[in-house]
Amino acid sequence: MDVRNCKNCGRMFNYLGGPSICPICKGKAEDDFQRVKEYIRENPKAQIAQIAEENEVTVQQIRQWVREERLEFAADSQITLNCEKCGASIRTGRFCDKCKNNMASEMNDAFAKPIPVEVPKKKEHESDKMRFKR
């Protein structure tokens, strides 16, 4: 049994995996997420600082949800992020679609099965054949 202290509230809890937060704090974080998600749906043009203030969460927490692709801002929203690879403007995640596709292609190429190389067969000569005596 792995017992840890919650990094948010300090309570001891039985750690099963994932972030080191207790079930109570995990539930509170999920409630905060649902509240922010609904707020963004109702106020698609709100600024990120306004969203954080109105919902009593940090800007950093909102950015984390966006990077995890749990939240996405509307197409006409002024809030954008930059692709971590090429710097293009994106509305959710860490990478733009072009970079995601390139990385997926590179991964497929890296793990592709090797193509078997055909070894040319030697031509048999009369002198290479087995002989039998009568």
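User: Is Glu 56 exposed or buried?
Analyst: The model is predicted, and in it Glu 56 has a relative accessible area of 68%. A residue counts as exposed when that value is over 50%. Because 68% passes this cut-off, Glu 56 is exposed.

User: What is the phi of Glu 56, a residue other than glycine?
Analyst: Glu 56 is found in the loop between H2 and H3, and its place is just after H2. Its phi has a positive value, although the residue is not glycine. That phi is near 55 degrees.

User: Which residues of helix H2 are buried?
Analyst: Helix H2 spans residues 48–55. On one side of the helix are the exposed residues Glu 53 and Glu 54. The buried residues lie on the other side, and they are Ile 48, Ile 51, Ala 52 and Asn 55.

User: Why are the buried residues of H2 on the same side?
Analyst: Ile 48, Ile 51, Ala 52 and Asn 55 are the buried residues in question. Their directions around the axis spread little, which puts them on the same side of H2. In general, an α-helix has 3.6 residues a turn, so residues three or four places apart point the same way. For the buried residues of H2, the arc covered is only 95 degrees.

User: Which helices do the buried residues of H2 pack against?
Analyst: The buried side of H2 includes Ile 48 and Ala 52. These buried residues have two helices as packing partners, one at residues 23–42 and one at residues 59–67. The partners are H1 and H3.

User: Which residues does Asn 55 contact, leaving aside neighbours within four places in sequence?
Analyst: Asn 55 is found in helix H2, and it counts as buried because its relative accessibility is 4%. Within its own helix, the side chain of Asn 55 reaches the backbone oxygen of Ile 51 at 2.9 Å. Leaving aside neighbours within four places in sequence, Asn 55 is in contact with Arg 35, Val 36 and Tyr 39.

User: Which residues does Asp 32 touch, not counting residues up to four places away in sequence?
Analyst: Asp 32 lies in helix H1. At 11% relative accessibility, Asp 32 counts as buried, because the cut-off is under 20%. Not counting residues up to four places away in sequence, Asp 32 touches Val 57 and Trp 65.

User: What covers the buried residues of H3?
Analyst: The buried residues in H3 are Ile 62, Trp 65 and Val 66. They cover an arc of only 100 degrees around the axis, which puts them on the same side of H3. Their cover includes H1, H2 and strand S3.

User: Where is Glu 69 found?
Analyst: Glu 69 comes just after H3 and takes a positive phi of about 65 degrees. It is partly exposed, with a relative accessible area of 44%. Glu 69 is found in the loop between H3 and S3.

User: Which residue has a side chain joined to that of Arg 91 by a polar contact of 2.8 Å?
Analyst: The place of Arg 91 is in the loop between strand S4 and helix H4, and Arg 91 is partly exposed, with a relative accessible area of 33%. Beyond its neighbours within four places in sequence, Arg 91 is in contact with several residues, including Val 66, Leu 71 and Phe 73. The polar contact of 2.8 Å joins its side chain to that of Glu 72.

User: How far apart in space are Arg 91 and Thr 80, C-alpha to C-alpha?
Analyst: Along the sequence, Arg 91 and Thr 80 are eleven residues apart. In space, taken from C-alpha to C-alpha, the separation is 5.2 Å.

User: Which helix gives the most to the lining of the largest pocket?
Analyst: The largest pocket has a volume of about 460 Å³. Its lining consists of 18 residues, and those nearest its centre are Asn 8, Ile 21, Ala 29, Gln 61 and Gln 64. Two helices, H1 and H3, each supply at least two residues of the lining. With six residues, the helix that gives the most is H1.

User: How many residues of the lining of the largest pocket are charged?
Analyst: The lining holds 18 residues. Six of them are nonpolar and four are polar. The number of charged residues is eight.

How values were computed. Residues are numbered from 1 along each chain as its sequence is written. This is a predicted model: local features need pLDDT of at least 70, side-chain atom pairs count only at pLDDT 80 or more; totals for chains, interfaces and linings use all residues. Side-chain values use heavy atoms; hydrogens and water are left out. Buried means under 20% relative accessible area, exposed over 50%, partly exposed in between (1.4 Å probe, protein chains only). Helices (H or I, at least four residues) and strands (E, at least two) are DSSP runs, numbered from the N terminus. The arc is that of the directions from the helix axis to the C-beta atoms. Contact means heavy atoms within 4.5 Å. On a 1 Å grid over the protein atoms alone, a cavity is a set of points where a 1.4 Å probe fits but cannot get out, and a pocket is an open set with protein on both sides within 12 Å along at least five of seven lines; lining residues have an atom within 4 Å of a point. Grid points are joined across faces, edges and corners, and a volume is the space filled by probe spheres set on the points. Ala, Val, Leu, Ile, Met, Phe, Trp, Tyr, Cys and Pro count as nonpolar, Asp, Glu, Lys and Arg as charged, and the others, Gly among them, as polar. A polar contact is a pair of N or O atoms within 3.5 Å; within protein, one must be able to donate a hydrogen and the other to accept it, and residues adjacent in sequence count only if both atoms are side-chain atoms.
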